[in-house]
Amino acid sequence: MSKPKNIITLVMAAGSSSRMGAPKQLLPWKEVTLIEGVITKVLHLNTFKAIVVLGANEDKIVPKITSYPIEIIHNLEWEKGLGNSIAFGIHHIKKNYDVGGVFVTLADQPLIEATYLKVMIDLFETDKNQIIATKYQNGKLGVPALFDKSYLLELSSIDGDKGAKSILEKYANSVITTQIDTNVFDVDTDEDYKRLKKL
């Protein structure tokens with residue numbers, strides 16, 4: 001099977017889960033863990049490569065995911081927030097790969113379907129300065145989001161805990177969203193996890 005459009009998928013899993021009190025990446029979910037569920041979905045997308053960005057609790061997470069055909073990288077400055085970890089991942093990609101786009105996903109959104117992610121990839125056309133993003137119920141744009149390579153320089157310089165929102169807001173008029181909805185439910189607290197198990 002051919003690798004579509006030279007896209008690298010970046011799975012963000014570097015946070016400490018401070019509000020959860022335990023590594024949420026390793027919470028049981030559908031016979032595996034949250035992070036394994038997301039990895040399985042992105043591998044089904046058949047992108048050029050899947051890279052997982054770890055930080056906190058990497059010693060506990062790595063043994064769970066080393067059997068998957070992924071690349072694992074470690075952000076030593078993960079405490080600076082999601083934006084810093086995205087920038088770290090983008091720096092790594094720019095240094096090592098020639099890509100058409102980067103698909104940024106999170107390890108704590110287990111209800112997003114693989115079919116939804118596939119639609120996003122199908123919408124993407126290389127070399128057209130596109131951003132394919134997810135529209136949240138409040139109307140804001142967020143991840144999962146697929147960025148053309150023309151945005152990599154800016155993505156590599158973001159910082160803090162706002163992730164890629166600054167880029168999405170800056171180029172909001174250029175962002176494409178899908179015509180289908182998905183559930184972007186984040187698992188951040190124990191209450192969130194209890195709600196997830198009821199869904």
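1. Asp-188 is buried in this predicted model, its relative accessible area being 18%. The residue falls under the 20% cut-off that defines the buried class. Its side chain meets that of Arg-19 in a salt bridge, with an N to O distance of 3.4 Å. Arg-19, by contrast, counts as exposed, at 58% relative accessibility.

2. The position of this pair in the chain deserves attention. Arg-19 belongs to the loop between β1 (7-13) and β2 (28-29), whereas Asp-188 belongs to the loop between β9 (175-177) and α7 (190-198). The salt bridge therefore ties together parts that are 169 residues apart in sequence.

3. The contact between Arg-19 and Asp-188 should be read together with its surroundings. A network of salt bridges links these two residues with Lys-24 and Asp-108. For the model as a whole, the count of salt bridges comes to 11.

4. A salt bridge within a helix is formed by Asp-122 and Lys-118, whose closest N and O atoms are 3.0 Å apart. Both residues lie in α4 (residues 114-123), where a spacing of 4 residues places them about one turn of the helix apart. Asp-122 is partly exposed, with a relative accessible area of 47%. Lys-118 is likewise partly exposed, and its value is 39%.

5. Glu-125 and Lys-128 form another of the salt bridges, with 3.0 Å between the closest N and O atoms. Glu-125 is partly exposed, at 38% relative accessible area.

6. Turning to internal space, the model has 1 cavity of 30 Å³ or more. The volume of the largest cavity is about 70 Å³. Its lining consists of Val-38, Lys-41, Val-42, Thr-105, Leu-106, Gln-109, Ile-112, Leu-117 and Pro-144.

7. Which elements each supply at least two residues of this lining? They are α1 (34-44) and β6 (101-106). The largest share comes from α1, which provides 3 residues. Val-38, Lys-41 and Val-42 are among the lining residues, and their numbers fall within the range of α1.

8. The lining of the largest cavity can also be described by residue class. It has 6 nonpolar residues, along with 2 polar and 1 charged. Lys-41 is one of the lining residues, and Lys belongs to the charged class. Thr-105 and Gln-109 also line the cavity, as do Ile-112, Leu-117 and Pro-144.

Conventions
Residues are numbered from 1 along each chain as its sequence is written. This is a predicted model: local features need pLDDT of at least 70, side-chain atom pairs count only at pLDDT 80 or more; totals for chains, interfaces and linings use all residues. Side-chain values use heavy atoms; hydrogens and water are left out. On a 1 Å grid over the protein atoms alone, a cavity is a set of points where a 1.4 Å probe fits but cannot get out, and a pocket is an open set with protein on both sides within 12 Å along at least five of seven lines; lining residues have an atom within 4 Å of a point. Grid points are joined across faces, edges and corners, and a volume is the space filled by probe spheres set on the points. A salt bridge is a side-chain nitrogen of Lys or Arg within 4 Å of a carboxyl oxygen of Asp or Glu. Buried means under 20% relative accessible area, exposed over 50%, partly exposed in between (1.4 Å probe, protein chains only).
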